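Here's a short set of exercises to work through with the model open in your viewer. Try each task yourself before reading the solution under it.

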Amino acid sequence: MKLCEAHMKTSAAKTIERKAIYTALTLSVLFSLVGLHRAEAGVNVWTTNGPHSETINALAIDPQTPTTLYAGTSGDGVFKSTDGGTTWRAVNTGLDPRRCCFALAIDPQTPTTLYASTDGGVFKSTDGGESWGGVNTGLTNPFARALAIDPQTPATLYVSTGGGVFKSTDGGGNWRSVLVLSPGTFVLALAIDPQTPMTVYAGTIDATTTGSGHGVFKSTDGGESWSAVNTGLSNQAVLALAVDPQTPTTLYAGTQGGGVFKSADGGATWRAVNAGVTNLFTLALAIDPQAPATVYAAAYLTPATVFKSTDGGESWSAVNAGFRADGVRTLAIDPKASSTVYAGTGAAGVFKSTDSGANWSAVNTGMRSTFVSALAIDPQTPATLYAGTLSSGGARGDVFKSTDGAGSWSWRDRTRPLLALAVDPQTPATVYAGTEEGGVLKSTDGGESWSPSGLAGFLRFVNALAIDPQTPATVYAGTVSPVFGRPPSILYKSTDGGSSWSATGLTNLRVRALAIDPQAPTTLYAGTQNGGVFKSTDGGATWSPVNTGLTNLFILSLAIDPQTPTLYAGTFGGGVFKSTDGGESWSAVSAGLPNLPVPALAIDPQTSTTLYAGTQGGGVFKSTDGGESWSDFNTGLTNLLVSSVVVDPRRPTTLYAGTQGGGVFVIFTPADASARLIEAIRRALPPEEQTSLIGPLRQVATLLTDANPANDRAACGRLDAFIDQVNAKEQSGEVTAAQATQLRQDAGDITAALGCP
């Protein structure tokens, strides 16, 4: 079982390869941005709301002020929220955020005192997480895993390490060993009887033998002596423990592969209680403190599932509406309002339910945004986008999807590190992903599920993808080997939607970018590393270099004018080049551009003299004269390491930028904002409640089509009418107070951008 992805190492070859693609990463610019309101985000300013990709190992709720909670992560330290998870901020002073935080424990009597167990020992804060200090005297093994605090005497603590349990009676000032187990045995769970806290339980797993363990150990003298209590516990790889707060002789154990076990006699005997549990890798348990017959069990392995029982574990049902993540690692219940439940996941951050698990939503604003390595838009429904990411350790990637124009994101799948995405223009539920060593992945259901589609192989990176717009079963994949010749870098072609692939005539060249002529799709271009641009006019069968005038042959990006044979090439540190004759000759068009890599180019499909360049370290640049001159286009773009740029094909003044560590940014005009708000209303409200709201917004969008101050003033009046309609619907109960507040804020964002009185 992988305990901390953040510490996984990549090979030297992969490290060299990423440096070649992302030199600017040496700046280590990783931003933790607070996402803005959906309609506010982007009105004439770049803003972001994710996707957030945080691995949550631990959650702890302040028992006195439950809107305050903490999250322990893999590789980003501890985050704190004071508004019930709506927003988060890192609280890592004195705590190395690169460490994995496995558990958190709050002093129930003085909740500003809390403890964090990490792979670098135990840390303590006495000011609500604002500052931390190590408390490890006597702790001979710094790999601290589980934590438990005596609810009656909170200076008494227990912490597990590799091979045993340590105890402190002075708030972590000093530790001594109280349980020693055989090498390779880990204590992953600790639980204390809240009524008789001298009774302590420890759940173990044997890391040397898959699926085995030493079960549960029990102490009735505060850890001084222990005995195994495993009768009936047929699976002894114990990952989680929970004690009934009202009847503490009742406890539950979550196991690796055996599901949930229950004991009604303090661990003396156990029985499996898995009716309805379909995923038996139970990593987290939580008991409703007000109604302890209600129990939640979370499954780690994909598909991530939260199960709920209302009869003390006798039967379970999945409660997953709105929940999508790669495994659940921890659960926490609000002690004062137990209908509020939190789940920490393996890739998608924190989810929250306010209706006892019936519905969930991600609550990650302020947590780490992702390293977006690829971005693609649905050409038929442009509010739908896909983002491919790289993990901080580089060993994995994730796919995220947005259906509201980057207003929110949901995790879809964990893969190998993702390098390229492409959406079928005719059947946009079909999406392809290029990965490191995992080949090409394909989804035919809009990213809900993915399957291998060939080209997997050691040291083979699929860096570029292109789909024939007229015959989309024809797909091209450019591969790169970080070590020359092992395996050879080849451009592949599939004519059956990725079911089979064959090498084209372009071999032994590292293909970084691909572009297909939309008017004549047997003509395509390949941008290569140090070989310049190659052109094929026979669907890839034969190729020839077309580099006359191209003084920089390290090509990172290509873009082709949809109306003319004009082609643009972005280079590694040499600016942008332009060809107006199908690549036969090139000229530099870099006036105003910094001398930085240009990994992204995008053309306005309606006004093709308008184009955008994404740079590594300089942000986004815009040209309105076909590249002859450029100016920065970065208002609000707080992460300037841009990896991808996408233009909305229907509203090309809406633009998206994928960044390295800042997630996806979006920018749009007030007219676009009005149209986006109409789409949001259609998604959120039933048809009978939409008409009176949408009418004024349509008028706003129409008025703002032309840049005319008089139209702006008229649009302000229609926005006032819209707000009046919202107020009326709130008073009549047609929309909720929360919906009305959001709609007023959205409209207010547009009026602010217009400068309405």
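**Exercise 1. Is S489 buried or exposed?** Place this serine, then list what surrounds it.

Keep in mind that you're looking at a predicted model.

*Solution.*
- Step 1: find the residue. S489 sits in the loop that links β39 (475–480) to β40 (490–494).
- Step 2: check its accessibility. The relative value for S489 is 4%, and the cut-off for buried is under 20%, so S489 counts as buried.
- Step 3: look for a polar partner. The S489 side chain comes to 3.0 Å from the backbone nitrogen of S481.
- Step 4: collect the contacts, skipping residues up to four places away in sequence. S489 touches T479, V480, S481, T507, N508, L509 and R510.

**Exercise 2. Which residues other than glycine have a positive phi here, A406 and N508 being two to check?** Compare where they sit and how they're covered.

*Solution.*
- Step 1: recall the background. Most residues other than glycine have a negative phi, and most peptide bonds are trans.
- Step 2: take A406. Its phi is about 70°, positive although A406 is not a glycine. You'll find A406 in the loop between β32 (397–402) and β33 (410–415), and with a relative accessible area of 4% it is buried.
- Step 3: take N508. Here phi is about 60°, again positive in a residue that is not a glycine. N508 belongs to the loop between β41 (502–507) and β42 (511–516). Its relative accessible area is 56%, so N508 is exposed.
- Step 4: tie this back to Exercise 1. N508 is one of the residues that S489 touches.

**Exercise 3. Where is the cis peptide bond that leads into P51?** Give the bond and its setting.

*Solution.*
- Step 1: read omega. From G50 to P51 the peptide bond is cis, with omega near 5°.
- Step 2: locate the proline. P51 is in the loop between β1 (47–48) and β2 (56–61).

**Exercise 4. What do the side chains of S309 and S408 reach?** Work through the two serines in turn.

*Solution.*
- Step 1: start with S309, which lies in strand β24 (residues 305–309). Its relative accessibility is 0%, so S309 is buried.
- Step 2: find the polar partner of S309. A polar atom of its side chain is 2.8 Å from the backbone oxygen of S315.
- Step 3: add the other neighbours. Beyond four places in sequence, the contacts of S309 are A293, T294, V295, E314, S315 and W316.
- Step 4: move to S408, in the loop between β32 and β33. At 36% relative accessibility, S408 is partly exposed.
- Step 5: find the polar partner of S408. The side chains of S408 and D404 make a polar contact of 2.8 Å.
- Step 6: list what else S408 touches. Leaving out residues up to four places away in sequence, you get N49, K401, S402 and T403.

**Exercise 5. Which residues are in contact with V431 and V462?** Describe the surroundings of each valine.

*Solution.*
- Step 1: V431 is part of strand β35 (residues 431–435), and its relative accessible area of 0% makes it buried.
- Step 2: outside four places in sequence, V431 is in contact with Y386, L421, A422, V423, L441, K442, S443 and W450.
- Step 3: V462 is part of strand β38 (residues 461–467), and it is buried with a relative accessible area of 0%.
- Step 4: with the same kind of neighbours left aside, V462 is in contact with L419, A420, G434, T435, G439, V440, A477, G478 and T479.
- Step 5: note a shared name. T479 is in contact with V462, and T479 is also touched by S489.

**Exercise 6. What radius of gyration does the protein have, and what would a compact globule have?** Finish with the whole chain.

*Solution.*
- Step 1: count the elements. The protein has five helices and 56 strands.
- Step 2: test the globule rule. For 757 residues a compact globule would come in near 27 Å, and the protein has 28 Å, so the two agree.
- Step 3: get the box. Along the principal axes, the C-alpha atoms fill roughly 85 × 70 × 45 Å.
- Step 4: check burial. Buried residues account for 62% of the 757.
- Step 5: look at the surface. About 26,300 Å² is exposed, with 52% of it from carbon and sulfur atoms.

Notes: Residues are numbered from 1 along each chain as its sequence is written. This is a predicted model: local features need pLDDT of at least 70, side-chain atom pairs count only at pLDDT 80 or more; totals for chains, interfaces and linings use all residues. Side-chain values use heavy atoms; hydrogens and water are left out. Helices (H or I, at least four residues) and strands (E, at least two) are DSSP runs, numbered from the N terminus. Buried means under 20% relative accessible area, exposed over 50%, partly exposed in between (1.4 Å probe, protein chains only). A polar contact is a pair of N or O atoms within 3.5 Å; within protein, one must be able to donate a hydrogen and the other to accept it, and residues adjacent in sequence count only if both atoms are side-chain atoms. Contact means heavy atoms within 4.5 Å. The radius of gyration is taken over C-alpha atoms; the globule rule is 2.2 Å times the number of residues to the power 0.38. Accessible areas come from the Shrake-Rupley method with a 1.4 Å probe; for residues, only the protein chains shown count as cover.
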